[in-house]
Amino acid sequence: CIRDRPKKDLNKEMTRDFTLNLKKRLYKIQFKKRGKRAVNEIRRFAQKQMWTRDVRIDTELNHYIWKNGIRNVPDKVRIRVSKKKNQDEDATEAFFCLVQHVDVEDFAGLRTENAKA
């Protein structure tokens, strides 16, 4: 039963690796909007997985998405999402997410896993 499960502790730091299929998220999106939409989809995915509104995209991941131009976004991307404590005193959120690119040769057999921080 769902009620018997222990509740998730949303207020702790964690790091996970995900494989994102951008091809299905960009289906029927016009060419001149694909690059920006891919970044927004990654941001939306990180918000949903880590329960934070403050999501920061690493520059290496941004270069990977935009390397072939605005139209030809890579079909899949392996990302590492890290939920960290916010050090700013005037921050509205207690935590933020840092999304980084994980370089892999082949996407076959990869699953979501807790990364070794």
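Me: Looking at this predicted model, which residue stands opposite His101 in β4?
Reply: Ile79 stands opposite His101 in β4.

Me: How do β3 and β4 pair, then, and over how many bridges?
Reply: β3 and strand β4 (residues 95-101) are antiparallel, with 7 bridges.

Me: And what about β1 and β3?
Reply: Antiparallel again, over 8 bridges. Strand β1 covers residues 14-21 and strand β3 covers residues 76-85. One bridge pair to look at is Thr19 with Arg78 in β3.

Me: What is the strand order in the sheet?
Reply: The order is β2-β4-β3-β1-β5. The sheet has 5 strands, is open, and its pairing is mixed.

Me: Which strands stand at the edges?
Reply: β2 and β5 (113-114). Each has a single partner strand, so one side of each has no neighbour in the sheet.

Me: Do β2 and β4 run parallel or antiparallel?
Reply: Parallel, joined by 3 bridges. Across that pairing, Arg56 stands opposite Leu98 in β4.

Me: Switching to the core. How many residues are in the largest nonpolar one?
Reply: The largest nonpolar core has 21 residues. Those with the most contacts inside it are Ile42, Val77, Ile79, Val81 and Val99.

Me: Which elements give two or more residues to this core?
Reply: β1, α2, α3, β3 and β4 do. The largest share comes from α2, with 6 residues.

Me: You listed Ile42. What is it in contact with, leaving aside its neighbours within four places in sequence?
Reply: Ile42 contacts Leu20, Leu22, Ile57, Leu61, Ile65, Val77, Ile79 and Val99.

Me: Leu61 and Ile65 ring a bell. Which residues of α3 are buried?
Reply: Leu61, Tyr64 and Ile65. They cover an arc of only 95° around the axis, so they fall on the same side of α3.

Me: What do those buried residues pack against?
Reply: The buried residues of α3 pack against α2, β2, β3 and β4.

Me: And which residues are exposed on the other side of α3?
Reply: Thr59 and His63 are exposed there.

Me: New topic: rings. How many aromatic pairs are there?
Reply: The count is 1 aromatic pair. It is edge-to-face, because the rings of Phe18 and Phe45 have their planes at 85°, with centres 5.0 Å apart.

Me: Where do Phe18 and Phe45 sit in the chain?
Reply: Phe18 is in strand β1 and Phe45 is in helix α2. They are 27 residues apart, so the pair links distant parts of the chain.

Me: Is each one buried or exposed?
Reply: Phe18 counts as buried, at 4% relative accessibility. Phe45 counts as buried too, at 15%.

Me: Which charged residue sits over the ring of Phe31?
Reply: Arg71. Its charged end is 4.1 Å from the centre of the Phe31 ring.

Me: What lies over the face of Phe95?
Reply: Lys83 does, at 5.1 Å from the ring centre.

Me: Back to Phe31 for a second. Ile70 touches Phe31; what else does Ile70 touch?
Reply: Beyond residues up to four places away in sequence, Ile70 also touches Lys32, Arg34 and Gly35.

Me: Where does Ile70 lie?
Reply: Ile70 is in the loop between α3 (59-66) and β3. Ile70 is partly exposed, with a relative accessible area of 26%.

Me: How far is the C-alpha atom of Ile70 from that of Lys33?
Reply: The two C-alpha atoms are separated by 7.1 Å. Along the chain, Ile70 and Lys33 are 37 residues apart.

Me: Last thing, backbone angles. What is phi of Lys28?
Reply: Phi of Lys28 is near 65°. That is a positive value in a residue other than glycine. Lys28 is in the loop between α1 (22-25) and α2 (34-50).

Me: Is Lys28 buried or exposed?
Reply: Lys28 counts as exposed, at 70% relative accessibility.

Me: What about phi of Trp51?
Reply: Phi of Trp51 is near 60°, a positive value in a residue other than glycine. Trp51 lies in the loop between α2 and β2 (55-57).

Me: Why does Trp51 count as exposed?
Reply: Because its relative accessibility is 56%, and exposed means over 50%.

Notes: Residues are numbered from 1 along each chain as its sequence is written. This is a predicted model: local features need pLDDT of at least 70, side-chain atom pairs count only at pLDDT 80 or more; totals for chains, interfaces and linings use all residues. Side-chain values use heavy atoms; hydrogens and water are left out. Helices (H or I, at least four residues) and strands (E, at least two) are DSSP runs, numbered from the N terminus. Buried means under 20% relative accessible area, exposed over 50%, partly exposed in between (1.4 Å probe, protein chains only). Two strands pair if DSSP finds at least two bridges between them. Rings of Phe, Tyr and Trp (its six-membered ring) pair if their centres lie within 6.5 Å; planes under 30 degrees apart count as stacked, over 60 as edge-to-face and the rest as tilted. A charge sits over a ring if NZ of Lys or CZ of Arg is within 6 Å of the ring centre and within 35 degrees of the ring normal. Contact means heavy atoms within 4.5 Å. A nonpolar core is a set of buried Ala, Val, Leu, Ile, Met, Phe, Trp, Tyr and Cys residues joined through side-chain atoms within 4.5 Å. The arc is that of the directions from the helix axis to the C-beta atoms.
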